[in-house]
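Biologist: I keep meeting labels in model reports and wondering what earns them. Could you take me through a few?

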Amino acid sequence: MVEAGELASAAGVSTGAAAHSETVPAPKAAAGEALPSAPAVTAGLTEADVEAAVARALDRRLAPIEKRLAESLDPGPRVQDIVGGIGWLIGLGGIAA
């Protein structure tokens, strides 16, 4: 059996004091049927609550990866760019002299 408060606290959703004492039994399979692999349904959590909790968890876990990807796509000036800029400055100085 799954405690309603356990799943709600894992999802970061407040279900109120009444929901913490409720338990919902796991579904039982009929003869010849396989049990579903999903956890037991918990009172007090809607599909939107679960989706919001998953979205928050994904945002939190993917933020460092997104940051690294953004940094790798904008590497900044390369040595070739710096040497090329110095060459331009020397060339312009040579033309002006």
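Modeller: Here are the labels one by one, each with its cut-off. This is a predicted model, where local features need pLDDT of at least 70, side-chain atom pairs count only at pLDDT 80 or more, and totals for chains, interfaces and linings use all residues. Residues are numbered from 1 along each chain as its sequence is written, and side-chain values use heavy atoms, with hydrogens and water left out.

Biologist: Fine. What makes the contact of D81 and R78 a salt bridge?

Modeller: The term asks for a side-chain nitrogen of Lys or Arg within 4 Å of a carboxyl oxygen of Asp or Glu. Here the N to O value is 3.4 Å, so the pair passes the 4 Å limit. The structure holds one salt bridge.

Biologist: And why is D81 called partly exposed?

Modeller: Buried means under 20% relative accessible area, exposed over 50%, and partly exposed in between (1.4 Å probe, protein chains only). D81 has 39%, so it falls in between. R78, with 48%, is partly exposed too.

Biologist: How do you know that the span of α3 agrees with its number of residues?

Modeller: Helices are DSSP runs (H or I, at least four residues), numbered from the N terminus. The expected span is 1.5 Å times one less than the number of residues. For the 27 residues of α3 that gives 39 Å, and its end C-alpha atoms are 36 Å apart, so the two agree.

Biologist: What lies at L62 in α3?

Modeller: A kink of about 40°, shortly before the proline P64. The bend is the angle between axes fitted to the seven residues ending there and the seven starting there.

Biologist: Why is α4 called hardly covered?

Modeller: Among its 18 residues, the count of buried ones is zero. In the protein, 11% of the 97 residues count as buried.

Biologist: Last one: what makes V50 fit for a nonpolar patch?

Modeller: Patch residues need over 30% relative accessible area and no salt bridge; like charges are joined within 9 Å, nonpolar side chains (Val, Leu, Ile, Met, Phe, Trp, Tyr) within 5 Å. V50 has 39%, so it clears the 30% cut-off. Together with V54, L58, L62 and I65 it makes a patch of about 420 Å².

Conventions. Areas by Shrake-Rupley, 256 points an atom, 1.4 Å probe, with all protein chains shown as cover. Helix = DSSP H or I, 4+ residues; strand = E, 2+ residues; numbered from the N terminus.
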